[in-house]
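Biologist: Before we look at any detail, could you show me how to read the way two helices pack, and then how to read a single helix and a single residue?

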Amino acid sequence: MLRWILLVPFACLVAMGAGLFFLAMASVVSPAVALLIGGGIERLLDILFGLAESGIDPAPAAQAAFALIGKLGMAIIVAPVVLVAVGSELFRLRSGLLQSCFTGLLAALLPLAMLKLSRAPSTAEIQIISGLFLVGAATGFIYWLIAGRGAGGERVSESGAQRAG
């Protein structure tokens, strides 16, 4: 029980922080991810300041944009780690490879599901999806290093159960 109260939330928070670091590193390595992160923020600020300069209240546009950024952040960093952490604890998945792959898949697919991409992705979008997968996989691996190796608590072996009984 102490594991669920302390270790799992701590491991999730550390993994999420590492995920933000990995996302920044992905933007350094991949021009497509850098354009998504840096270019998107630059365009957002240009639009908001343009609205303010023309006398239009930028608050509704800013609220909608920051709400979308928050939802994407949840879909890329928070939700994959939490879902895989809960699943690995419930189903006693102790494999670092499984936790990394599941977290990577969720990190790559949840934003696509949120944005309702119904066409074949372009080359730049495939680079972004690949970058998100690697960010999610690294985040899942950090969670596994901290809490995943003992997922589900200790298993009682048959010989231990026979000695106890």
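Modeller: We are looking at a predicted model, and a good place to start is a list of meeting residues: Arg-3, Trp-4, Val-8, Cys-12, Ala-15, Met-16, Gly-19 and Leu-20 in α1 meet Ile-77, Val-78, Val-81, Val-82, Ala-85, Val-86, Glu-89 and Leu-90 in α3.

Biologist: What is the general idea behind the spacing in such a list?

Modeller: Residues three or four places apart point the same way, because an α-helix has 3.6 residues a turn. In this structure, Val-8 and Cys-12 of α1 are among the residues that meet α3, and Val-78 and Val-82 are among those of α3 that meet α1.

Biologist: At what angle do the axes of α1 and α3 cross, and in which hand?

Modeller: Two packed helices are described by the angle between their axes and by the distance between those axes. Here the axes of α1 and α3 cross at roughly 145° and come within 10 Å, and the crossing is right-handed.

Biologist: How should I read the length of α3, and where does α3 bend?

Modeller: One compares the end-to-end distance with the span expected at 1.5 Å a residue: α3, residues 59-91, has 33 residues and reaches 45 Å between its first and last C-alpha, close to the expected 48 Å. The bend, of about 40°, is at Val-78, and Pro-80 follows within four residues. Just after α3, Arg-92 takes a positive phi of about 55°.

Biologist: Which helices do the buried residues of α3 pack against?

Modeller: The buried residues of α3, including Ala-62, Ala-75, Pro-80 and Gly-87, pack against α1, α2, α4 and α5.

Biologist: How does α2 read by the same approach?

Modeller: The 23 residues of α2 should span 33 Å at 1.5 Å a residue, and its end C-alpha atoms are 31 Å apart, which agrees. α2 bends by about 25° at Gly-39, which is itself one of the buried residues of α2, along with Ala-32, Val-33, Leu-44 and Leu-48; these pack against α1, α3 and α5. Gly-55, which follows α2, has a positive phi near 90°.

Biologist: Is Ser-27 buried or exposed, and why?

Modeller: Ser-27, in helix α1, counts as buried because its relative accessible area is 18%, under the cut-off of 20%. Its side chain reaches the backbone oxygen of Ala-24 at 2.6 Å, and, leaving aside neighbours within four places in sequence, Ser-27 is in contact with Val-33, Ala-34 and Ile-37.

Notes. Residues are numbered from 1 along each chain as its sequence is written. This is a predicted model: local features need pLDDT of at least 70, side-chain atom pairs count only at pLDDT 80 or more; totals for chains, interfaces and linings use all residues. Side-chain values use heavy atoms; hydrogens and water are left out. Helices (H or I, at least four residues) and strands (E, at least two) are DSSP runs, numbered from the N terminus. The expected span of a helix is 1.5 Å times one less than its number of residues. The bend at a residue is the angle between axes fitted to the seven residues ending there and the seven starting there. Buried means under 20% relative accessible area, exposed over 50%, partly exposed in between (1.4 Å probe, protein chains only). Contact means heavy atoms within 4.5 Å. A polar contact is a pair of N or O atoms within 3.5 Å; within protein, one must be able to donate a hydrogen and the other to accept it, and residues adjacent in sequence count only if both atoms are side-chain atoms. Axes are lines fitted to C-alpha atoms, for helices over the stretch in contact, and angles run from 0 to 180 degrees between N-to-C directions. A crossing is left-handed if the near helix is turned anticlockwise from the far one by less than a right angle, and right-handed if clockwise.
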